[in-house]
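Me: I would like to learn how to read the features of a protein model one at a time, with the general idea first and the particular case after it. Could we start from the charged side chains?

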Amino acid sequence: MAGRRVVAGKRQLLTKDEVLHVARLARLELSEGEISLFQKQLSEILAYVGQLQAVDTSGVAETSQVTGLENVSRQDATSESQRLSQKEALMNAPQTQDGYFKVKAVLRVK
Amino acid sequence: MIPASIGEIQRGYREKKWSVTQVTKACLSRVEKLDGRIKAFLTVVSDRALERAEELDRELAKDQKVLDQKPLFGIPYAAKDLFSTKGIRTTTGSKVLENYLPAYDATVIGRLDESGAVLIGKTNQDAWAHGTSGENSDFFPTHNPWDLNCVPGGSSSGSAAAVASRMVPFALGTDTGGSIRCPASFCGVTGLKPTYGRVSRYGVIAMASSLDSVGHISLSVEDAARVLTVTAGRDPHDATTPEREVPSYLKGLDNPIGGLKVGVPKEYLSQGVLPEVRLIVEKALAKLEELGAKAVEVSLPHTSEALAVYYIVQPAEVSSNLARYDGIRFGNGRERFGKEAKRRIMLGTYILSAGYYEAYYRKAMQVRTLICQDFQEVFGGVDVLIGPVMPHGAFRLEEKVEDPLSLYLEDVLTVPVNLAGLPALAVPCGFEEKGLPVGLQIIGPQFSEDLLFRVGHAYQKVTDWHLKLPPMATNS
């Protein structure tokens, strides 16, 4: 899929596979209804934003931020006001155990 | 008693006309009376607010000097629900954070607290700040106090509705693509989007990190200036806030605007703007000219591309910022994201994925440069720019929910400002025939908030749009 599709003025509908691929990358589970809805809506939005292809940007630098600031650094230390106690850090977790965040198993035990 | 201006409330403290507790109680009872219909609040913290009010009354009784030391002493306010408030539920309007309790305050919340302001509650918003109408709240939509069948605008929907209905004199909001200016315009109140980096974003639930601006909604430009004096300035916790000094915004407020050059971008009076709105804005411009300002027609050639740039850059940044919501360390699982959040995450993920990054994201970053250059060029010849905030007044609830793209198009006049990181002030300037407010946008170069305030304040001294009350909010 990568690189094959040329983005032209008229954007073709996203395929169901592409929608599922993006959903997997984004860790989102979509219902059947959502897949077809997003297929349609995302294609429309992409067709709209695709108009930028027509803008001449040869030699134009990219802007990723508008502050003009560079390399803002600080001491590699924390202040009292920025520290959370273990209790505070865990207080919103749905599942904890012995002062740890509890997660679903990542590795399958044979 | 309807809370009027910040200055008036504080004069009352000085003259012992009323106490902080009385004013806070008045705001809370107004919320109780009106919010059943408006639905501006997600959480109201009456006990905490009254405790704080009583504490402040004790401070005041000991020494009146505290009124000079704390610029927002005894002023009740509300905060959009994406500002972290320690121990107070913070949802950003989403079911994902339905029961989330921050363990710390956002920097601005801390600053407002130190300045004597009293937080009375957290306001409703489009979930994750994704929206222009307020209808994307995962909980319920807020209603426009001017017409309860209409949207209040978004995403700072609750904040604008709360101020417009005089529940509080000011409320915090954020503006990433127009989310302060739009609801301010739709609700007939004053809204400030400061320069990107002027106010700290520490503790603010992030939407699009190169675009998010922390600002506020108030009943007057003067009050907007008072609040910015407290919230603005370098924060070591937010690396995008420069060292740059915070001027005394109230000092030059009354300076006349004679000779000021006001640019009117010709693209801002087309772009699908309703003829009625165009006329209202032209009348506002005429008022500024009466005050001595000189109108100059200018052009921002890349205005029409700005929306496309925004709907590439913003979803891309959103998809990155919302990746942290994994339901493991905090919040509910990702299946609780609403449709609009999912849509933007999907869009952003696609745009940033291999094979499409060049065509969309990189291209958008280049056109963003062109948009910044458009503004730089016009500010070489004019001092400020004016135009409408929205192409029309508030639309009816549910009118646009089926068509996300049509809602995106509402942002056409607001997003260029965010892309360039400029400050913009929205002030009420009239009403549509059907009775809904229209807002005027005043835009300036980076860090020119003092100039914007001067222009807005001069306008509010000779007009009374900002003093009008929604019929349902008048004292019975």
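Reply: Let us begin with a group of linked charges. Side chains of opposite charge can pair when their charged atoms come close. In this predicted model, Glu62(A), Glu358(B) and Arg362(B) are joined in a network of salt bridges.

Me: How many salt bridges does the structure hold over all chains?

Reply: Counted over all chains, there are 24 salt bridges. One of these pairs Asp238(B) with Arg201(B), whose closest N and O atoms are 3.9 Å apart. This pair links distant parts of the chain, with the two positions 37 residues apart in numbering: Asp238(B) belongs to the loop between helix H8 (221–231) and strand S7 (261–265) of chain B, while Arg201(B) belongs to the loop between strand S5 (190–193) and strand S6 (213–218) of chain B.

Me: Are Asp238(B) and Arg201(B) buried or exposed?

Reply: Both Asp238(B) and Arg201(B) are buried, a class that requires under 20% relative accessible area.

Me: Which salt bridges does Arg226(B) form with Glu222(B) and Asp223(B), and at what N to O distances?

Reply: The side chain of Arg226(B) meets that of Glu222(B) in a salt bridge at 2.9 Å, N to O, and it meets that of Asp223(B) in another at 3.9 Å, N to O. Glu222(B) and Arg226(B) both lie in helix H8 of chain B, where a spacing of 4 residues amounts to about one turn of the helix. Asp223(B) and Arg226(B) are 3 residues apart in helix H8 of chain B, so they are separated by about one helical turn.

Me: How is the accessibility of these helix residues to be read?

Reply: The classes follow from relative accessible area, with buried under 20%, exposed over 50% and partly exposed in between. Glu222(B) is partly exposed because its relative accessible area is 27%, whereas Arg226(B), with a relative accessible area of 17%, is therefore buried. Asp223(B) is buried, as is Arg226(B).

Me: What volume does the largest pocket have, and which residues are closest to its centre?

Reply: A pocket is best read through its volume, its lining and the classes of the lining residues. The largest pocket holds about 700 Å³ of space. It is lined by 28 residues, and those closest to its centre are Ser84(B), Tyr100(B), Tyr104(B), Gly203(B) and Arg324(B). Its lining comprises 15 nonpolar, 7 polar and 6 charged residues.

Me: Which residues lie nearest the centre of the second largest pocket?

Reply: Of the 16 residues that line the second largest pocket, Lys104(A), Asp326(B), Gly327(B), Ile328(B) and Gly333(B) lie nearest its centre. This second pocket has a volume of about 580 Å³, and its lining divides into 6 nonpolar, 3 polar and 7 charged residues.

Me: How many cavities of 30 Å³ or more does the structure hold?

Reply: There are 4 cavities of 30 Å³ or more, where a cavity, unlike an open pocket, is a space in which the probe fits but from which it cannot get out. The largest cavity contains about 70 Å³ of space. Its lining has 13 residues, with Gly131(B), Thr132(B), Ser179(B), Tyr310(B) and Asp411(B) lying nearest the centre; by class, the lining is made up of 5 nonpolar, 6 polar and 2 charged residues.

Me: Which residues of chain A make a nonpolar surface patch?

Reply: Phe101(A), Val103(A), Val106(A) and Leu107(A) make a nonpolar surface patch of about 440 Å². Leu107(A) lies in the segment after strand S2 (100–101) of chain A and counts as exposed because its relative accessibility is 71%. As for the chain as a whole, chain A has 3 helices and 2 strands, arranged along the sequence in the pattern α-α-α-β-β, and 27% of its 110 residues count as buried.

Me: Where in the backbone should I look for unusual torsions?

Reply: Peptide bonds and phi angles can be inspected in turn. A cis peptide bond, with omega of about 10°, joins Gly154(B) and Ser155(B), and Ser155(B) is in the loop between strand S3 (118–123) and helix H6 (157–164) of chain B. Lys39(B), although not a glycine, has a positive phi of about 60°; this lysine lies in the loop between helix H2 (20–38) and strand S1 (41–44) of chain B. Glu398(B), also not a glycine, has a positive phi of about 75° and lies in the loop between strand S9 (384–388) and helix H13 (404–408) of chain B.

Me: What relative accessibility do Lys39(B) and Glu398(B) have?

Reply: Lys39(B) is partly exposed, with a relative accessible area of 31%, whereas Glu398(B), at 64% relative accessibility, counts as exposed.

Methods. Residues are numbered from 1 along each chain as its sequence is written. Chains are lettered from A and ligands numbered from 1 in the order in which they are written. This is a predicted model: local features need pLDDT of at least 70, side-chain atom pairs count only at pLDDT 80 or more; totals for chains, interfaces and linings use all residues. Side-chain values use heavy atoms; hydrogens and water are left out. On a 1 Å grid over the protein atoms alone, a cavity is a set of points where a 1.4 Å probe fits but cannot get out, and a pocket is an open set with protein on both sides within 12 Å along at least five of seven lines; lining residues have an atom within 4 Å of a point. Grid points are joined across faces, edges and corners, and a volume is the space filled by probe spheres set on the points. Ala, Val, Leu, Ile, Met, Phe, Trp, Tyr, Cys and Pro count as nonpolar, Asp, Glu, Lys and Arg as charged, and the others, Gly among them, as polar. Patches are made of residues with over 30% relative accessible area and no salt bridge: like charges are joined within 9 Å, nonpolar side chains (Val, Leu, Ile, Met, Phe, Trp, Tyr) within 5 Å. Accessible areas come from the Shrake-Rupley method with a 1.4 Å probe; for residues, only the protein chains shown count as cover. A salt bridge is a side-chain nitrogen of Lys or Arg within 4 Å of a carboxyl oxygen of Asp or Glu. Buried means under 20% relative accessible area, exposed over 50%, partly exposed in between (1.4 Å probe, protein chains only).
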